[in-house]
Structures are given as C-alpha cells and as structure tokens.
Amino acid sequence: MTTTPEEVYVLKIGGSVLTEKGELKQPRPATIRRIAQEIARAARKNLILVHGAGSFGHPQAKVYLTTREHKDALITHEAVKELNMLVVSALTDCNLKAIPLHPLSGVVSKGGEIVYKLNDQIELALKQGIIPVLHGDIILDDKDGFCIVSGDQLVVYAAKAFKASRVGVGTDVDGVLDDSGAVIRTLTLQDLEKQNIKGSEHVDVTGGMKEKVELLVQLAARYKIRAVLFNATKDSNVVKFLRGDDDLIGTLITG
Ligand SMILES: Nc1ncnc2c1ncn2[C@@H]1O[C@H](COP(=O)(O)OP(=O)(O)OP(=O)(O)O)[C@@H](O)[C@H]1O
Ligand SMILES: [Mg+2]
C-alpha cells in the first residue's frame with residue numbers, strides 16, 4: 001500500500017518548454033538548465049516531476065501510430081528517454097537527487113484502461129529525498145502493440161495516487177487562453193463547455209491543450225485536486241509554483 005508523504009507536489013514541464021516542438025529531437029538546453037536551477041532554488045520536498053515529449057516523442061509516435069511497426073515504437077521510447085536523461089542530468093548538475101522512471105517499464109494499457117505500477121518506485125524515491133522524473137512514453141497495449149501514455153495522464157495518476165496538495169503544469173503559453181487570447185484565470189467543468197479550446201499548433205499525438213484541460217478539470221471535479229497551468233518558458237514561474245506564490249499568473253483549474 002502506498003503511504004502518502006506530507007504535501008506532495010506534482011509538476012509537469014511540457015515538451016513545448018523543454019524542446020523545439022516544431023523540429024525533430026531538438027532540445028532547449030538553456031531552458032532545461034534554468035528549470036533545474038529553479039527546482040533547486042525552491043528546495044521543495046516530495047516533488048514528483050513529469051515531463052512531456054515535445055520533439056522527442058510526438059513526431060516519432062505519429063510514425064509508429066501509422067506504421068504500427070515495433071522498431072518505430074522503440075524509436076519513440078529511445079527518443080523520449082534521451083530527453084529524460086537531459087532533464088535528470090540537469091537536476092543532478094544542480095546537486096539534486098533525481099531518478100528516471102520510464103513508463104514503458106511500469107505502465108500498461110489493459111482493457112482500454114491505463115494501469116500504472118509505479119507507486120512503489122515513487123514512494124521509495126520520495127522517502128529518500130529523490131525526485132522521480134516520469135515522462136510521456138509509449139507503452140504496451142493488450143489489444144496489440146503499443147499505445148501512448150501522455151505526461152498529462154501521468155500527472156493525473158501521480159496526483160491521485162499521492163494525494164497531491166499542489167499540481168502545476170507548465171507549457172509555452174500563459175495559461176488557457178480564451179478566443180481573444182486573454183488568460184482564463186479560473187476554469188471549471190462547466191466553463192469548459194463554453195470554451196473553444198484547441199489541441200496544439202505542433203504535432204501532439206496526445207490531444208494538446210484540449211485534452212490537458214479536460215484531464216485536469218476531471219481531477220479537480222472528482223478528486224478535489226486543483227491544478228495551475230502556467231508559462232514555464234518565463235523565468236521564475238517554476239519557483240513561484242513550487243513556493244505556492246500567489247503572484248504566479250496562469251489558469252487555476254477547479255472542479
Ligand atoms: N485555448 C488555448 N489556450 C492555450 N493554448 C492553447 C489553446 N488551444 C491550443 N493551445 C495550444 O496548446 C499548446 C500547449 O499544448 P501542447 O500539448 O502543445 O504542449 P505541452 O503539453 O507542453 O507539450 P507536450 O505534449 O510535448 O508535453 C500551446 O502551445 C498552444 O499552441
Ligand atoms: Mg501536450
């Protein structure tokens with residue numbers, strides 16, 4: 001059984017932040033470094049970190065979903081693992097203890113449901129002051145071959161399993177934007193029906209902003225766990241989130 005430590009924070013940094021999402025396998029090293037430094041500066045205990053795949057996963061997964069060839073699934077996994085290592089190394093360079101947790105080795109899709117078997121690893125890591133670093137990945141599917149688990153789905157899983165007190169999702173936009181481009185400050189399940197939220201400008205096999213918001217609204221409505229969606233390309237926003245700072249501009253997703 002999972003024992004939940006006090007005050008667990010779940011932070012996702014999107015692939016739109018860590019990579020050039022319009023390119024193929026192009027990281028943003030300075031941004032990866034800055035985010036690691038901000039995580040070190042905030043010194044938050046019990047942090048579960050998730051990152052998206054960006055150009056280290058979406059274009060590769062798109063190929064797999066077309067060909068359904070085993071080698072293309074492996075190419076997808078290898079690419080996102082490379083990005084994961086860049087993130088883990090950047091954290092290590094900041095004297096933080098971090099470990100990679102690859103969903104392919106602990107998450108499967110069975111009967112249309114995603115089954116996560118990463119609780120023990122996360123629990124033991126947190127107990128030892130280690131930051132587990134999960135990422136969107138390709139996973140085995142009992143129907144046939146592989147399917148995708150998104151970083152956003154992993155955020156919801158980790159937040160529920162560890163009863164997160166704060167959930168933050170950083171992307172390359174200031175929050176969820178309305179039709180005029182203004183940041184929606186709070187968003188509920190009811191609001192969602194009125195908004196015209198689209199996917200992503202880039203290749204995003206997991207539904208981009210629309211699916212992200214739908215997942216987070218459900219998390220808030222059913223489990224009373226709120227999330228803040230903010231711009232992680234802007235300096236200090238990660239620190240602000242990790243410190244629970246009210247100056248953080250973004251969209252608060254409530255039930
Ligand atoms: N209403 C909206 N408000 C804000 N962003 C939106 C909206 N509709 C679509 N988007 C797009 O969603 C993008 C962010 O979602 P996206 O899935 O591309 O990023 P990510 O989750 O950070 O990346 P990854 O999936 O690689 O982790 C923005 O760059 C923007 O282009
Ligand atoms: Mg996405």
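Which space does ligand 1 take? In this predicted model, the answer is the largest pocket.

**The ligand and its shell**

Around ligand 1 there are 24 residues, and those that come nearest are Ser-16, Asp-172, Ser-200, Asp-204 and Lys-212. By type, the shell divides into six nonpolar, 11 polar and seven charged residues. Two helices, α1 (15–18) and α8 (208–223), each supply at least two residues of this shell. The largest share, three residues, comes from α8.

Backbone atoms of three glycines lie at short listed distances from oxygen atoms of ligand 1.

| Residue | Protein atom | Distance to an oxygen atom of ligand 1 |
|---|---|---|
| Gly-15 | backbone N or O | 2.8 Å |
| Gly-54 | polar backbone atom | 2.8 Å |
| Gly-199 | backbone N or O | 3.2 Å |

Taken alone, ligand 1 exposes 640 Å², and the protein buries 92% of that area.

**The cavity**

The count of cavities of 30 Å³ or more comes to one. The largest cavity has a volume of about 80 Å³. Three elements give two or more residues to its lining: α2 (29–42), β2 (47–51) and α4 (70–93). The largest share of the lining, four residues, comes from α2.

What kinds of residues make up the lining of the largest cavity? They divide into 11 nonpolar, one polar and no charged. Among the lining residues are Ile-13, Leu-18, Ile-32, Leu-49, His-51, Val-87 and Leu-91.

Technical notes. Residues numbered from 1 in each chain as written. Chains lettered and ligands numbered in written order. Predicted model: local features only at pLDDT ≥ 70, side-chain atom pairs only at ≥ 80, totals over all residues. Heavy atoms only, no water. 1 Å grid on protein atoms, 1.4 Å probe; cavity = no way out; pocket = protein on both sides within 12 Å on 5 of 7 lines; lining within 4 Å. Points joined across faces, edges and corners; volume = space filled by probe spheres on them. Nonpolar A, V, L, I, M, F, W, Y, C, P; charged D, E, K, R; others polar. Near = heavy atom within 4 Å. Polar contact = N/O pair within 3.5 Å; in protein donor to acceptor, adjacent residues only side chain to side chain. Areas by Shrake-Rupley, 256 points an atom, 1.4 Å probe, with all protein chains shown as cover. Sits in = over half its atoms within 2 Å of the grid points.
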